[in-house]
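Biologist: I have the file open and want to go through it with you. Can you start with the pocket and then move on to the rest?

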Amino acid sequence: MSEAKTVLITGASSGLGAAMADRMLDLGWRVFGTSRSAREPTKGIEWVAMDVCDDASVVAGLSFVFERTEQLDGIVCNAGSGIYGSVEETGLDRARAQFETNFFGVLRVLTPVLAHMRKRNAGRILLVGSLSGRAPIPFQAHYSASKAAVEALAFSLANETHPFDIQISLIEPGDINTAFNDVMDWGRVTTDSPYAERSAICERSIRESLPKSPGPEIVADAVAHALTSARPRLRYAVGKEARLVGIGKRLLSDRMTLKTIRDHFGI
Ligand SMILES: NC(=O)c1ccc[n+]([C@@H]2O[C@H](COP(=O)([O-])OP(=O)(O)OC[C@H]3O[C@@H](n4cnc5c(N)ncnc54)[C@H](OP(=O)(O)O)[C@@H]3O)[C@@H](O)[C@H]2O)c1
């Protein structure tokens, strides 16, 4: 019998990552899942303690994985979080922290795993971006920028690894019903802020939208395709806004795109 394929999923304790882990276990894969907190084995997931913002934690987490398996067939860089606030009022510290998790956190885990896959000349690398990388959300400039950076990373990497048998896929969800907004760093807007009113409207729209959105299973479908299909796609845009963003990018001027985004968030 051939050995089960193995995937490492960062941020598997919740939301999209948890759904991906369940799906890959159902498909017979061996699943390593990361979380910042120590966890008992659940439903077959082998838990790896890892904070993607911490060099030593990532080194220790990857050592844990490679002590238990000689090969990783796939990695899903999914761990991420969001901050909220106007560009003018968001300090550099919060902006840096956003990129530390969503961009450098991806790089920190990805780079050693890429080296492992390149030596084997095999593997699949999935980066979780966001439709906001292509259609930036007002008052979430830093989050959107971090996801645009992930998109650029995925596409540059795909060309760099072209000669090798390593497949890169960008998973690009729209709104998905997870706890994402509950753990978001919403920041503080003072009532005398020039952005207070529109920021509050946009925040309400974002908060109301998520619970009405599709569940994480549709993202797990895309991940399963990217990990198992003979011809994985480079980009998987997922969710109810995916078509609109794709069509808008092709057909609308930049100014019309901005207006469509303002209308979408009611600002
Ligand atoms: N939900 C959406 O609408 C949506 C849309 C587009 C893109 N996304 C992206 O999808 C990914 C997953 O989001 P989600 O909606 O599933 O959110 P979630 O339910 O809040 O899950 C986030 C996951 O990331 C992990 N995480 C956060 N910071 C981390 C860190 N510093 N180190 C290691 N792990 C960390 C959390 O694990 P622990 O807390 O256990 O450490 C958790 O498992 C994110 O990259 C997000 O940007 C989400």
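Modeller: A term before the pocket: a residue is near a molecule or strand if one of its heavy atoms lies within 4 Å of it. This is a predicted model, where local features need pLDDT of at least 70, side-chain atom pairs count only at pLDDT 80 or more, and totals for chains, interfaces and linings use all residues. Residues are numbered from 1 along each chain as its sequence is written, and side-chain values use heavy atoms, with hydrogens and water left out.

Biologist: Fine. How many residues surround the ligand, and which are the closest?

Modeller: There are 29 around the ligand, the closest being Ser13, Ser14, Ser35, Tyr143 and Thr178.

Biologist: How do the residues of that shell divide into nonpolar, polar and charged?

Modeller: The shell has 14 nonpolar, 11 polar and 4 charged residues. Ala, Val, Leu, Ile, Met, Phe, Trp, Tyr, Cys and Pro count as nonpolar, Asp, Glu, Lys and Arg as charged, and the others, Gly among them, as polar.

Biologist: What lies 2.9 Å from an oxygen atom of the ligand?

Modeller: That is a polar side-chain atom of lysine 147. A side-chain N or O atom of serine 14 is 2.5 Å from a ligand oxygen, and a backbone N or O atom of glycine 80 is 3.5 Å from a ligand oxygen.

Biologist: And how much of the ligand does the protein bury?

Modeller: The protein buries 93% of the 890 Å² that the ligand exposes when taken alone. Those areas come from the Shrake-Rupley method with a 1.4 Å probe; for residues, only the protein chains shown count as cover.

Biologist: Which elements give two or more residues to the shell?

Modeller: Those are α1 (15-26) and α4 (141-160). Helices (H or I, at least four residues) and strands (E, at least two) are DSSP runs, numbered from the N terminus.

Biologist: Change of topic. How many salt bridges are there?

Modeller: The count is 14, taking a salt bridge as a side-chain nitrogen of Lys or Arg within 4 Å of a carboxyl oxygen of Asp or Glu.

Biologist: What does aspartate 73 pair with?

Modeller: Aspartate 73 forms a salt bridge with arginine 120, with the closest N and O atoms 3.7 Å apart. Aspartate 73 sits in the loop between α2 (55-68) and β4 (74-77) and arginine 120 in helix α3, so the pair ties together parts 47 residues apart in sequence.

Biologist: Is aspartate 73 buried or exposed?

Modeller: Aspartate 73 counts as buried, at 9% relative accessibility, while arginine 120 is partly exposed at 29%. Buried means under 20% relative accessible area, exposed over 50%, and partly exposed in between (1.4 Å probe, protein chains only).

Biologist: What about arginine 94?

Modeller: Arginine 94 forms a salt bridge with aspartate 185, the closest N and O atoms being 3.0 Å apart. Arginine 94 is in helix α3 and aspartate 185 in the loop between β6 (166-173) and α5 (196-209), 91 residues apart.

Biologist: Which residues are linked in a network of salt bridges?

Modeller: Arg134, Glu151, Glu172 and Arg235.

Biologist: Now the backbone. What is odd about the phi of phenylalanine 139?

Modeller: Phenylalanine 139 has a positive phi of about 65° although it is not a glycine. Most residues other than glycine have a negative phi. Phenylalanine 139 lies in the loop between β5 and α4 and is buried, at 10% relative accessibility.

Methods:
A polar contact is a pair of N or O atoms within 3.5 Å; within protein, one must be able to donate a hydrogen and the other to accept it, and residues adjacent in sequence count only if both atoms are side-chain atoms.
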